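Look at the chain below. This report walks through its ring pairs, its salt bridges and a patch of charge.

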Amino acid sequence: MRGASPFRQTTATVLLALMLRLLCSAGAADKRADTSILRWAEGEPGCTFSRDDDGKYRYGFWTDDYGVVLAVDSQELEKTRRRSQPIFALLLSIHYRGKNSLEVDPGKIGLEFVKHYYDAQSALDPDRLAIEQQNDAKAIEDETERELHKHPQKMAEKEATLAARQADTAEMIKFLKTRTLRPTRLDPSHPEASGWVLFSTKSKWIESLRKQEEFLLRVPVEDRVIEFPFSVPPSESDLILRRR
């Protein structure tokens with residue numbers, strides 16, 4: 001008896017994966033039954049969009065009590081491909097207009113990769129990333145020392161490479177500790193919070209990023225979830241002239 005063809009096996013695997021994702025989505029929807037979902041849509045009241053000369057697209061969602069602004073670098077896909085770690089970065093600003101307080105928890109923010117079987121990634125923990133960077137740097141330093149014992153004639157080359165890597169690591173750790181969005185409480189005396197939110201692009205569903213990608217960012221705010229559907233770039237021919 002002949003086995004199933006590779007095409008049928010692949011199709012069956014994809015269909016099974018989609019069914020599982022639909023079931024998971026249905027379960028998540030039940031859990032969010034008491035959560036209002038608000039979606040950004042161009043031209044709708046409270047929704048703004050701009051192409052700015054710093055090279056970013058900005059999507060704003062505003063209510064009487066708060067505003068959330070998503071900034072997406074027009075070159076983010078290219079930057080993600082060049083990074084040593086597969087990280088996709090978004091800049092988020094939250095503005096509080098109310099009279100009480102608003103909790104900001106970046107760890108609950110999620111990003112869906114629409115063209116990759118709707119794969120959903122939670123925001124990465126910047127402190128954990130910083131520790132991983134330190135551990136990687138220590139491993140490279142130890143490896144360099146072992147290489148120098150074997151090939152002392154390459155000392156200048158190896159030390160220069162190590163110094164460059166250490167500088168890159170220090171810069172990355174500083175970025176993670178000072179420029180990422182952190183858990184905080186907003187109130188009239190402290191009404192704004194801004195910082196980068198990072199997501200992994202390493203997944204069994206994401207082999208590589210395409211020329212144009214579609215995303216769905218979900219930002220929980222109180223008992224609501226604000227959804228930002230966006231593409232990078234918004235159109236394949238879209239171009240932003242950056243300020244020098």
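Start with exposure: a residue is buried under 20% relative accessible area, exposed over 50% and partly exposed in between (1.4 Å probe, protein chains only). Arg-182 has a relative accessibility of 26%, so Arg-182 counts as partly exposed.

This is a predicted model, in which local features need pLDDT of at least 70, side-chain atom pairs count only at pLDDT 80 or more, and totals for chains, interfaces and linings use all residues. Residues are numbered from 1 along each chain as its sequence is written, and side-chain values use heavy atoms, without hydrogens and water.

**Salt bridges**

A salt bridge is a side-chain nitrogen of Lys or Arg within 4 Å of a carboxyl oxygen of Asp or Glu. The structure holds eleven of these salt bridges. The table lists three of them.

| Salt bridge | Closest N to O distance |
|---|---|
| Arg-39 and Glu-227 | 2.9 Å |
| Asp-73 and Lys-79 | 2.7 Å |
| Arg-182 and Asp-127 | 2.9 Å |

Take the salt bridge between Arg-182 and Asp-127. This pair links distant parts of the chain, 55 residues apart: Arg-182 is in the loop between α4 (155-178) and β9 (184-186), and Asp-127 is in helix α3 (residues 126-150). Helices (H or I, at least four residues) and strands (E, at least two) are DSSP runs, numbered from the N terminus. Asp-127 is partly exposed, with a relative accessible area of 38%.

Next comes Arg-39, which forms a salt bridge with Glu-227. The two are 188 residues apart, with Arg-39 in strand β1 (residues 36-39) and Glu-227 in strand β12. Is Glu-227 buried or exposed? Glu-227 has a relative accessible area of 6%, so it is buried. Arg-39 is partly exposed at 46%.

In the third bridge, Asp-73 is buried, with a relative accessible area of 3%. Its partner Lys-79 is partly exposed at 26%.

**Aromatic rings**

Rings of Phe, Tyr and Trp (its six-membered ring) pair if their centres lie within 6.5 Å; planes under 30 degrees apart count as stacked, over 60 as edge-to-face and the rest as tilted. The count comes to ten aromatic pairs. One of them joins Phe-49 and Tyr-59: the centres are 4.9 Å apart, the planes stand at 50 degrees, and the pair is tilted. Phe-49 lies in strand β2 (residues 47-51) and Tyr-59 in strand β3, so the pair ties together parts that are ten residues apart in sequence. Phe-49 is partly exposed, with a relative accessible area of 23%. Tyr-59 is buried at 5%.

Why does the pair of Phe-215 and Phe-230 count as stacked? The ring centres of Phe-215 and Phe-230 are 5.2 Å apart and the planes are at 25 degrees, so the pair is stacked. Phe-215 sits in strand β11 (residues 213-221) and Phe-230 in strand β12 (residues 224-232), 15 residues apart. Both Phe-215 and Phe-230 are buried.

Ring pairs also build a cluster, and its members include Trp-40, Phe-49, Tyr-59, Phe-215 and Phe-230.

**A charged patch**

Asp and Glu count as negative. A patch is made of residues with over 30% relative accessible area and no salt bridge: like charges are joined within 9 Å, nonpolar side chains (Val, Leu, Ile, Met, Phe, Trp, Tyr) within 5 Å. Which residues gather in a patch of negative charge on the surface? They are Asp-64, Asp-65, Glu-222 and Asp-223. Asp-65 lies in the loop between β3 (56-62) and β4 (66-73). Asp-65 is partly exposed, with a relative accessible area of 41%.

Methods: Areas by Shrake-Rupley, 256 points an atom, 1.4 Å probe, with all protein chains shown as cover. Charge placed at Lys NZ, Arg CZ, Asp CG, Glu CD.
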